[in-house]
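Visitor: Could you take me slowly through one part of this structure, strand by strand? I would like to follow how the neighbouring pieces are paired.

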Amino acid sequence: NNAGTLTLTLPSGVYPNQYQVVLDGAGDIETIESDGHGTGSGIAQLSSDPTQVFTGDQTFAFGFTGVDNAGNRVGYAGLIPMDGAGNVVGGLMDVNDSGQSSNNVCLAPPCTVAGSYSPNGNGSWHLTLTSPVNMAFDFFISSGTISKTTPLTFYAISTDPGLNPAVSGTMVLQDSTQTYNNAAFKGTSVSALTGTGPNATCAAPPCTNVSLTLGTTDGSGNFSGQFDQNNAGTILSAAQFPPATGSNSYTYAAAGTPPTGRYVFNLLGDPTAKTVVAPLPFVLYASGANRGFLLDQSSSSVMTGTM
């Protein structure tokens, strides 16, 4: 039936170790856990040519999600500049920990990111951050090239044994030829977001809050389009934004001087309600024109995703 089983030989008691798998048209392996020890899914990709990695200054936009020590949802988004000599200097980072943008990891976002990186000797790399706090990650080189059309992609996971949140996610090479002002976002894009839903409104918490947005940016700071959202069973279908009447609160703006690729976008809300519900502010760290990692800045849903 064009599906198969992938079984990993792991130490006793370590899971997951069995997946149901299929190959997609790009040659990637789409996986879903089938070992009876939990539920999860993901993707496996061929690794890129490592000679294209860390050849001089390369900045990576990233988006990570996970949980803190209390089991609350956490999201990270930011930029990690790597100088080709093992140093990280001048990066940026925003954090949302269960609705708190100011938290133990980043007291006043955007926070400065600094540290170092080095090979582990087994094909993976280790990233040690000393700012905004001491944090450690392992990352693996995945797909892509130094081309802006197929940028390098890394997969990263936190390796802290201490109090920092447990997170994982993706790092994508930022297009260095782009000037990251409002004009860099002019066109049509799709944004996919996931988060947790309000436990008070769902039968079996924790619940999910998910959405898809088809939007057009005009290059001057205005955003329009439509979105679908399922917030713990509360459905908005093909909601048009901005509102039909009143002022346009669906805007975006490059943040910071000089521009680094950090933006603030207004998304979701309910523009169709009799009393319009204002959109949520999201921070976006751009990996290129019209694309990047999104992080809800203020809600306890901690919605994260990509544009």
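Guide: Thr-194 has Val-210 of strand 14 as its bridge partner, and this pair belongs to the antiparallel pairing of strand 13, residues 186-197, with strand 14, which extends over 12 bridges. Please keep in mind, as you look, that the model is a predicted one.

From there we can move along to the next neighbour, since strand 14, which covers residues 207-218, also pairs in the antiparallel sense with strand 15, residues 223-231, this time over nine bridges. To find this pairing on the screen, look for Thr-213, which stands opposite Phe-227 in strand 15. Strand 14 and strand 15 form a hairpin with four residues between the strands, and in that hairpin Gly-219 takes a positive phi near 85 degrees.

Strand 15 in turn is joined to strand 16, residues 234-241, by six bridges, and these two strands again run antiparallel. Here a useful pair to look for is Gln-226 with its bridge partner in strand 16, Gln-240. The hairpin of strand 15 and strand 16 has two residues between the strands, and in this hairpin Ala-232 is the residue to notice, with a positive phi near 55 degrees.

Now step back to the sheet that holds these strands. It is an open sheet of nine strands with antiparallel pairing, and its order reads 16-15-14-13-21-20-19-18-17. Strand 16 and strand 17, the latter made of residues 252-254, stand at the edges with a single partner strand each, and so one side of each has no neighbour in the sheet. From one strand to the next, the twist averages 15 degrees.

Other strands of the model take part in the lining of a pocket. The largest pocket has a volume of about 1,000 Å³, and of the 26 residues that line it, the closest to its centre are Tyr-19, Gly-42, Ile-43, Ala-44 and Tyr-155. At least two lining residues are supplied by each of strand 3 (29-33), strand 4 (41-44), strand 10 (135-141), strand 11 (153-158) and strand 12 (166-173), while strand 4 gives the largest share of the lining, with four residues. Sorted by class, the lining of this largest pocket consists of 15 nonpolar, 10 polar and one charged residues.

Conventions. Residues are numbered from 1 along each chain as its sequence is written. This is a predicted model: local features need pLDDT of at least 70, side-chain atom pairs count only at pLDDT 80 or more; totals for chains, interfaces and linings use all residues. Side-chain values use heavy atoms; hydrogens and water are left out. Two strands pair if DSSP finds at least two bridges between them. On a 1 Å grid over the protein atoms alone, a cavity is a set of points where a 1.4 Å probe fits but cannot get out, and a pocket is an open set with protein on both sides within 12 Å along at least five of seven lines; lining residues have an atom within 4 Å of a point. Grid points are joined across faces, edges and corners, and a volume is the space filled by probe spheres set on the points. Ala, Val, Leu, Ile, Met, Phe, Trp, Tyr, Cys and Pro count as nonpolar, Asp, Glu, Lys and Arg as charged, and the others, Gly among them, as polar. Axes are lines fitted to C-alpha atoms, for helices over the stretch in contact, and angles run from 0 to 180 degrees between N-to-C directions.
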